[in-house]
Amino acid sequence: MKRRQKELLQLRQRVAAGGSASVEEADVNGVKLVLQRVDAAPQELLTFADHALSRANGNSVAIVVGGRSLAIKVAAPLVGKLPAGPLVQAFHAVAGGKGGGRGQVGQGGGIDPARVDEGFKGVKEYVRSQMKPRDSSSSGTGPSGCAGGPIQRTNTPHPTRETSTSDTS
């Protein structure tokens with residue numbers, strides 16, 4: 001019996017890796033959002049999210065829904081601006097249920113399966129609000145995000161060095 005369960009889990013993981021499950025993708029301000037619907041137990045959803053995130057490459061967020069549960073995995077470069085916990089909350093605010101997360105990983109349950117598309121739209125809106133393109137002229141910061149812009153080098157002498165201009169007339 002355990003051998004069959006293990007085979008089933010491996011088969012489900014292969015399906016997730018191959019992308020045979022229902023997948024929807026959206027690009028929101030440079031962030032690729034991947035929604036994958038699978039027929040899996042709640043404890044398996046993070047495995048599917050890992051596979052979806054690895055296939056997406058780069059600035060991506062994987063949202064995997066199975067039945068009344070979901071798992072969210074955020075690519076490492078995005079964690080500072082898009083931690084998983086608020087993404088889970090954005091999904092649940094529309095699709096119902098409860099959940100949370102920290103850093104790259106979030107999970108939840110009790111969602112209404114009929115409202116998954118609405119939950120995905122809620123996540124898109126949240127990402128849009130967090131990843132707004134910044135206008136550097138109005139914020140007072142330059143392209144580097146620091147006030148005054150990037151550091152520029154000049155050919156002026158170092159202030160602590162004394163330059164001598166001796167006149168020997």
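**View 1. Ala 26 and its partner across the first hairpin.** In this predicted model, Ala 26 sits opposite Leu 33 of strand 2. Strand 1 and strand 2 are joined by 7 bridges and run antiparallel to each other. Together these two strands make a hairpin, with 2 residues between them. Look at the turn for Asn 29, which has a positive phi of about 50°.

**View 2. The whole sheet, strand by strand.** Step back from the hairpin and you get an open sheet of 6 strands, ordered 1-2-3-4-6-5, with mixed pairing. Strand 1 (22-28) and strand 5 (98-102) are the edge strands, each pairing on one side only. On average, neighbouring strands here are turned by 15° against each other, ignoring direction. Strands in a sheet pair through backbone hydrogen bonds, in either a parallel or an antiparallel way.

**View 3. Strand 3 beside strand 4.** Here residues 60-66 (strand 3) run antiparallel to residues 69-74 (strand 4), and 6 bridges connect the two. One pair to pick out is Ile 63 with its bridge partner in strand 4, Ile 72. Ile 63 turns up again in the largest nonpolar core, among the residues with the most contacts inside it.

**View 4. Two helices lying across the strands.** Helix 2 (residues 45-56) lies across strand 2 (31-37), strand 3, strand 4 and strand 6 (105-109), and runs at about 145° to strand 3. Helix 4 (residues 116-130) lies across strand 1, strand 2 and strand 3, at about 165° to strand 2.

**View 5. Helix 4 and its buried residues.** This helix has 15 residues and spans 21 Å from first C-alpha to last, close to the 21 Å expected at 1.5 Å a residue. Its buried residues include Val 116, Phe 120, Val 123 and Val 127, along with Gly 119, Gly 122 and even Lys 124. What do the buried residues of helix 4 pack against? They pack against strand 1, strand 2, strand 3 and helix 3.

**View 6. Tyr 126 in close-up.** Tyr 126 is part of helix 4. With a relative accessible area of 19%, Tyr 126 counts as buried, because the cut-off is under 20%. Setting aside neighbours within four places in sequence, Tyr 126 is in contact with Leu 82, Pro 86, Leu 87 and Ala 90. Gln 89 is 37 residues away from Tyr 126 in sequence, yet their C-alpha atoms are 9.7 Å apart in space.

**View 7. The largest nonpolar core, with Leu 82 in the picture.** This core has 26 residues, and those with the most contacts inside it are Val 61, Ile 63, Leu 82, Leu 87, Phe 91 and Val 127. Strand 1, strand 2, strand 3, strand 4, helix 3 (84-95) and helix 4 each give two or more residues to this core. Helix 3 supplies the largest share, 6 residues. Leaving out neighbours within four places in sequence, Leu 82 is in contact with Val 31, Val 61, Val 74, Leu 87, Tyr 126, Val 127, Gln 130 and Met 131. Apart from this core lies another one, of 7 residues, including Ala 40, Phe 48, Ala 49 and Val 64.

**View 8. The full chain, for orientation.** Zoomed out, the chain has 5 helices and 6 strands, running α-β-β-α-β-β-α-β-β-α-α from the N terminus. Of its 169 residues, 33% are buried. Of the contacts with a separation of 6 or more, 52% are between residues 24 or more positions apart. The chain exposes about 10,600 Å², with carbon and sulfur atoms supplying 49% of that.

Methods: Residues are numbered from 1 along each chain as its sequence is written. This is a predicted model: local features need pLDDT of at least 70, side-chain atom pairs count only at pLDDT 80 or more; totals for chains, interfaces and linings use all residues. Side-chain values use heavy atoms; hydrogens and water are left out. Two strands pair if DSSP finds at least two bridges between them. Helices (H or I, at least four residues) and strands (E, at least two) are DSSP runs, numbered from the N terminus. Axes are lines fitted to C-alpha atoms, for helices over the stretch in contact, and angles run from 0 to 180 degrees between N-to-C directions. Contact means heavy atoms within 4.5 Å. A nonpolar core is a set of buried Ala, Val, Leu, Ile, Met, Phe, Trp, Tyr and Cys residues joined through side-chain atoms within 4.5 Å. Buried means under 20% relative accessible area, exposed over 50%, partly exposed in between (1.4 Å probe, protein chains only). The expected span of a helix is 1.5 Å times one less than its number of residues. Accessible areas come from the Shrake-Rupley method with a 1.4 Å probe; for residues, only the protein chains shown count as cover.
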